Amino acid sequence: MDMTTTKHIADELSVKPALEINGLYKNFETFSALRNIHLSVRPGEMLCFLGPSGCGKTTLLRIIAGLETQSEGQILQNGRDISWLPADKRDYGIVFQSYALFPNLTIAENVAYGLVNSKMRKPQIQQRVAELLKLVGLPTSGAKYPSQLSGGQQQRVALARALATNPGLLLLDEPLSALDALERIRLRTEIRRLQKQVGITTIMVTHDQEEALSMADRIVVMNHGVIEQVGTPLDIYERPASPFVADFVGKVNVLKGHALGGNRFRVGDIELQCDTCTENFASGQMVNLYLRPEDRVAERLDHDTPYRLNALITKVEFLGGLCIAEVTSEALHGQNLGLHFTLNQLHDLNIREGNRIDIALRAHRIRVFAPKSATAEVAA
């Protein structure tokens with residue numbers, strides 16, 4: 001490890017967390033919504049809580065905001081214990097999915113709402129509102145009312161209002177889910193730009209993996225009230241820590257096979273060496289091998305290319321610049337693969353239903369997990 005890397009790690013360890021969650025639980029009468037949550041949020045980062053409906057991500061955000069009370073556990077913001085403080089005593093701004101703007105107030109009055117009880121004078125408040133409206137791209141909209149703005153513009157106003165008091169933490173509760181697809185893409189770019197420009201520590205809840213992958217510095221993947229994995233978008237996608245993460249984030253193929261020992265696995269007639277495997281599987285143990293649709297080679301193959309097989313194209317789904325081809329191969333004993341091809345590859349490789357194609361699997365990209373119901377099974 002070189003001196004630069006060592007210094008970088010030391011610097012990271014020396015940075016005081018903006019938010020710490022220790023041993024947090026949330027129990028309702030009939031079920032446990034959160035179980036033993038431990039999390040550290042770095043200053044200035046964009047952190048996304050990602051998971052399906054009912055996984056606990058919104059409950060966790062509301063507990064951080066003081067809108068829900070945990071059953072047990074500690075929350076520290078910049079070293080200050082806020083575990084049991086009411087919402088109005090905590091240092092954050094929040095943006096809800098439904099905008100929550102006051103329809104009877106102008107845009108300027110909505111943005112200024114959190115400042116009216118402060119010690120700021122009226123000219124200062126007006127200046128602050130003007131700065132924020134310019135920041136979110138609505139410098140001339142102060143005199144309008146929410147009903148006169150589009151959904152995306154209203155969400156920008158909600159963001160400006162959340163930033164008005166210069167909070168130490170910004171909380172975003174699925175802020176883009178009520179918008180159409182094009183507006184979501186535009187606004188997620190804007191939110192990320194603003195977050196970086198302002199430098200505010202931000203936590204966003206989303207069930208949309210594309211939003212999380214494109215916006216977050218780190219992603220917290222949640223399922224059934226627990227954290228499955230925390231990591232950068234690339235870590236989460238390339239190195240999922242569990243079958244749930246591999247299935248939930250991105251598309252993936254699951255091939256059934258068995259272990260041969262020494263990080264070697266057999267799928268059908270193919271023997272794969274997967275040196276990225278971090279778990280020791282007994283020889284003969286049944287396993288599932290997870291392979292992303294892009295983790296294949298289909299060009300410049302020769303007879304010495306490892307893990308090569310010939311496959312029949314059974315279906316092609318055209319998605320514009322990308323297509324998904326479903327293929328099956330005798331070498332895999334009838335197990336299907338969904339593979340990504342670009343539009344150019346669609347033409348160059350003649351990807352058509354009924355055609356055959358030679359491909360090679362990228363074994364170094366495969367993740368291996370034991371099947372939930374067959375962790376102790378041994379192949380016959």
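I looked up Cys55 first. In this predicted model, the cysteine sulfur closest to that of Cys55 belongs to Cys48 and is 13 Å away, which is too far for a bond. The cut-off I applied is 2.5 Å between the two sulfur atoms. I also checked the cover on Cys55: its relative accessibility is 1%, so I entered the residue as buried.

Next I took Cys274. Its nearest cysteine sulfur is that of Cys277, at 7.1 Å, and Cys274 is in no disulfide. I noted a relative accessible area of 0% for Cys274, so this residue is buried as well.

How many disulfides does the count give? I get zero by this rule.

I then turned to the chain as a whole. I counted ten helices and 20 strands in the protein chain. For its extent, I have the C-alpha trace spanning about 75 × 50 × 45 Å along the principal axes.

What share of the residues counts as buried? I have 47% of the 380 residues in the protein chain. For the accessible surface of the protein chain I wrote down about 19100 Å², and carbon and sulfur atoms hold 50% of that.

I also looked at contacts along the sequence. Among contacts in the protein chain with a separation of 6 or more, 66% join residues 24 or more positions apart.

Last, I checked charge. I find 41 positive and 42 negative side chains in the protein chain. I put the centres of these two sets 7 Å apart.

How values were computed: Residues are numbered from 1 along each chain as its sequence is written. This is a predicted model: local features need pLDDT of at least 70, side-chain atom pairs count only at pLDDT 80 or more; totals for chains, interfaces and linings use all residues. Side-chain values use heavy atoms; hydrogens and water are left out. Buried means under 20% relative accessible area, exposed over 50%, partly exposed in between (1.4 Å probe, protein chains only). Helices (H or I, at least four residues) and strands (E, at least two) are DSSP runs, numbered from the N terminus. Contact means heavy atoms within 4.5 Å. Accessible areas come from the Shrake-Rupley method with a 1.4 Å probe; for residues, only the protein chains shown count as cover. Lys and Arg count as positive and Asp and Glu as negative; His and the chain ends are not counted. The place of a charge is taken as NZ of Lys, CZ of Arg, CG of Asp or CD of Glu.
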